[in-house]
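Okay, thanks for coming, everyone. Let me put the model up and we'll walk through it together.

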Amino acid sequence: MIPPAKRDGHQDRYYTPEDVIKYREYLGVPSSIQSIRKQLFLNFKGGTGKSTISASYGFRLAQMGVRTLLIDLDPQGHLTQCLGLDNQQYPKTLFHALIEREEIENVIVKTDLSTLDIIPSSLNLSPVELSLFSMNSREFRLKKLLASVEKNYELIVMDASPSIGLLNLNAILASNDLIIPVLADFLSYHGLKILFETLSTIEEDFSFTFENIFIFLNRYNESHRICKRSKRALETHYEKYLLDTVIRQDTKIAEATSQGTPIFLFAQSSKGAGDIQDLIDEIFGPKEGDHA
Ligand SMILES: Nc1ncnc2c1ncn2[C@@H]1O[C@H](COP(=O)(O)OP(=O)(O)OP(=O)(O)O)[C@@H](O)[C@H]1O
Ligand SMILES: [Mg+2]
């Protein structure tokens, strides 16, 4: 028997991440993540929800007892802000680890959640592109760096900036899974084409392939005809990668972002939180062809 879940201030029941890990071991229930997953949120188009959704996604998985490292790859530092951290307070970013050979442990910041760590970012990360350019094995430096901390985590989630550069190339080559948030409009659709063309060049040049590519629609509003039309277009052309889960437009998500609070703390029963939970369940749930 395991003890009943605790109650929070609203009388809702919950288990802490530590409880989940402890009771999972006790009950002999394996983690839903068998080997480390390194997942990159990327889209060259700006404003599709990479930072917002990756922050809440990583936070929720950590709440669920998954040992998670979030990495902010964007000098704008939005992922860092989405988690309520002040960029100025953490002058050390990936720049110091990648370029200045600082120990990666020294740039990792612990959060209030024992299962969640983050490598924050700030404008201090900006010179990374130029500095990488003149380095040896410049495309694989992040992959090598992560190899030294992977043993501490089950999941690494990275939030990329909307650009094509050496840092994003490093992130691609260091990842197993690509997660692409798209908006339901035709500019996004066009952006997706450019992304896939770039990926196929990378695949050829570096003999690299992602194990999984997931595309999901974000800020979806089914009362808009344009949304339905672009959903159909995605279903036709990217069926293989498109997730069933759709994240709806939800003001609670925007409010949570502006307050620097993950949606699961800000409005746990909002439709936005529900949709992000569905996204997690679909990505980590049993695959087609798996036996129950
Ligand atoms: N499902 C949603 N409902 C409502 N607002 C959303 C939703 N998803 C994202 N947003 C809002 O959209 C804006 C852009 O999101 P975000 O910054 O995460 O995009 P991004 O892809 O990281 O942008 P960039 O390309 O600049 O890095 C934010 O203000 C965020 O709060
Ligand atoms: Mg962003």
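So, one definition before anything else: I'll call a residue buried when its relative accessible area is under 20%, exposed when that is over 50%, and partly exposed in between, using a 1.4 Å probe and protein chains only. By that yardstick Cys 82 is buried, at 8%, and Cys 227 is buried too, at 6%.

Housekeeping: this is a predicted model, where local features need pLDDT of at least 70 and side-chain atom pairs count only at pLDDT 80 or more, while totals for chains, interfaces and linings use all residues. Residues are numbered from 1 along each chain as its sequence is written, chains are lettered from A and ligands numbered from 1 in the order written, and side-chain values use heavy atoms, with hydrogens and water left out.

Now, which residues come nearest to ligand 1? Out of 19 around it (a heavy atom within 4 Å), they are Lys 50, Ser 51, Thr 52, Arg 219 and Asp 250.

On to polar contacts, meaning N or O pairs within 3.5 Å. A polar side-chain atom of Thr 52 sits 2.5 Å from a ligand 1 oxygen. Gly 47 puts a polar backbone atom 3.0 Å from an oxygen of ligand 1, and for Arg 248 a backbone N or O is 3.0 Å from a ligand nitrogen. On its own, ligand 1 exposes 640 Å², and the protein buries 85% of that (Shrake-Rupley areas, 1.4 Å probe).

Last one: how many disulfides turn up? A search of the whole structure gives 0, counting cysteine sulfur pairs within 2.5 Å.

How values were computed:
A polar contact is a pair of N or O atoms within 3.5 Å; within protein, one must be able to donate a hydrogen and the other to accept it, and residues adjacent in sequence count only if both atoms are side-chain atoms.
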